[in-house]
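This report looks at how two helices pack together and at backbone geometry in two loops. Please read it beside the sequence and the model.

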Amino acid sequence: MEARVNHQHTIRKEMQILFEEEKASLTEQHKMDERALADMEERLQIIRRREQELRDEFNQLMKDHSIAKAKWDKEKSELHKTVADLKEKLLEANVSNKDQISEMKKDMDELLQALEGAQSEVDILKKEVAKQTSRAEQCITLKTQLEKQTFELQQVTNKLKELEYEKDSYKDWQQQAKTAQKRLINMAELEKEVTRLRATERSLRDAVCNKLLLEEQVHQLTSRVEVLQPVHQELHEAKVKIASLEASLEEWKTAARNHGVENARVLSSALDSALTSQLSATANCSEVQSQLTQLTEEITTVKYERDKATTKLNDLLTVRKNQESLIHRLQKRLLLVSRERDSYRQQLDCYEKELTVTLSGETGAGNSALLAARVEQLEKSLQSYRDLLDTHDQQAHTKLVESLRNEVAKWRDEAVSLRRDTIKLKAQRDTLQSHLERLDTTPRTKILHLADNPAAAAQKQAQQDYEAAQEEIKRLKQALCEGGSKDVLEETQKLKQQLESRDIKLKRMKEEFTSSAQEYRDVCYMLLGYKLDRTGHKNYRISSMYAESAEEYLTFTLCDEGIEMVHTDYSTSLEDLVDLHLHQHRSFPVFLSALTMELFTRTTVAEVC
Amino acid sequence: MSQQQTKNCITLRGSAQIICEYLKFAINSVLFQRGLYPPETFKAEQQYGITLLITENDQIKSFLSNLLSQSEEWIVNKKVSKLSLVIINVANKEVLECWDFNVQYEEGDIELSKEKKETVGSKDLKKIQQEIRDVMLQVAATISYLPFLDCRCTFDVLIHAKTDCDIPEKWAEAEPIAIANAQNVKLKTFSTSLHNMETVVSYKLVD
């Protein structure tokens, strides 16, 4: 039981433990549930709060909505009102538009009508333009016709002028005819005179014929005389020659007689012989001459040899002289040597004597005598030495001179070499000195100068000048390149060509001018019958084609009022014409033409006569 | 006369002034004699008892006054040993002629110096001027043997100063010059008893 109770106890204990464990777990679960509950409550609270907030919001929004709705309603009503207004306006506008359109249509119709009218007008105007152009053409043709007519008119007027001029001339003619009539009245007298004059003229002509004949005769005679004069002279000369020849012949004859020759033949034979002898003589002469040349050649050779010989002789002579001088010297030397020998002998003798004296002993008086003798001997020897010296002297001198000369030459050479050396040494010295100075001066002194010294300034200036010059050169070179000498050359060439062409033109113009001037003058002369020359400033000289001499000319000067005639010898002879045409008509052309007429009639009359 | 003189007493500065005056006239004379500038730009002036020519070109005048005032200072301070007037060919910068004016410093009158407590000389001013005149006449006579300058020439004056000498403003160091194949002619010297001036002309000898 107990065991059972124990067991029960254990079981209960076990159960108790089990229950306690279960209880603990349950409490834990309970705690967990509590926590979850608390959480859930918190969440609920939050949700509730949110709900409240949302509700507030909703209420607010509802309020807003109601306010907005009221607003929109108001706006809507207003808009409806405006729409109604606009519809009214539209209606009104429609009505007004319809009115306007109808008005516009009307206007359009009117305008169309106007356009049609204008088009028709344009057509009309075109037609008119065509008409006008045709008229214009007509006008142009008319104008050309008018021009032609005016030209014709001018021509006609020119002709008219000419006719007037002719009329004037006719009047002059009439007057001239009057004068002619006056002259005709004097005709009878004139005819008489004419007959008289003819007679005289015939006589004169005869005389002239006679004179001509005589002149011819005279001429012939003079020519004959001229021809005859040389002949005459020749005759004279011939006579003189004959006389001289006769004289010479006579001389010859006498000479021949003297030589015993009587005839010419004998003379000729003699002459032949003489000629032969002469020929032989000339042959001899030539031989002799050749011999002479040979001889002269020989002489020259001989002369040459002689010259050679003389030179040899001279050489030999000089050699001989030298030898003579040598001999002389040798003789002198010989003499010297002999004297020397003598002196040596004397010395020897005196030494011997001395020896004898010294050997013989020294005694007072003898000693003194000996000494005196010795002195004498010594003096003699001295004298001889002196002589020797004198003779020696010259030779020594010449030797000395020669040696000195040699020495001098040597010294000279040495001097030349030394000079060269000195030049070299001087150069060396200079270099060394400069070097030394450089070495010497640098440590002891330093060289200072003003920075702003003239040398620096001058150098700067020079540099600037140089640069400026360089720039200028550059500039000029550029200019040369750009400007180009080619252009200039081309230009000059062009100008030259132009000049040439101009020159040619000018030349041609001058030629043309001279030729045309000449032509003009010729034509004037041919047409008007007067040659006009300008003799100076404003001075003109005219001479008629029909003038009888060159002196018949008139001179005129040009002055401010016109032209004036200057009185000449010829003009004084034309007083009638001058009176009539210049003083009355005051017309130079008429005067001149009257003059031509007169001159012409005169010449024709002369020709007829 | 610009130099100070009291009873034959020449101070160092007075002597330097005499030297600079000589330099002025010598340089002007050379410029005139050698034809570096046209003769019409020169004006005659009486100095040392002879007529000397002074340039009227403003540029040269200012150059010389600048040069000589500075030189005077240097001479007083015994900084200068030689002044060289060089004549240069403008075209190739060749030195054709060089006039060297050598300055030597002398003791002067030692007793008088002690008395005055400064270096002074006691040479008679007239004698100095006579000596200078002789040199000037020699300068004028050089034209007879100096070669003819037939090119565009200019000149510069170089001062041979001691190495410890400062280079003042507007001054610069120059290159030493050398004349090829030079011929030297020494002219007379003169002395102020404080300075001895020797004038030497060297020129290019033309073969």
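## Helix crossing and positive phi

The crossing of H1(B) and H2(B) is right-handed, that is, the near helix is turned clockwise from the far one by less than a right angle. This is a predicted model, in which local features need pLDDT of at least 70 and side-chain atom pairs count only at pLDDT 80 or more, whereas totals for chains, interfaces and linings use all residues, and side-chain values use heavy atoms, without hydrogens and water. Residues are numbered from 1 along each chain as its sequence is written, with chains lettered from A and ligands numbered from 1 in written order.

In chain B, the axes of H1 (residues 12-33) and H2 (residues 58-76) come within 9 Å and cross at roughly 145 degrees, where axes are lines fitted to C-alpha atoms over the stretch in contact and angles run from 0 to 180 degrees between N-to-C directions. Helices (H or I, at least four residues) and strands (E, at least two) are DSSP runs numbered from the N terminus. Residues of H1(B), including Leu12(B), Cys20(B) and Leu31(B), meet residues of H2(B), among them Ile60(B), Leu68(B) and Val76(B), contact being heavy atoms within 4.5 Å.

Two lysines have positive phi without being glycine.

| Residue | Phi | Loop between |
|---|---|---|
| Lys538(A) | about 65 degrees | S2 (530-536) and S3 (539-544) of chain A |
| Lys93(B) | near 60 degrees | S4 (80-89) and S5 (95-105) of chain B |

Lys538(A) counts as partly exposed because its relative accessibility is 34%, while Lys93(B), at 57%, counts as exposed; buried means under 20% relative accessible area, exposed over 50%, and partly exposed in between (1.4 Å probe, protein chains only).
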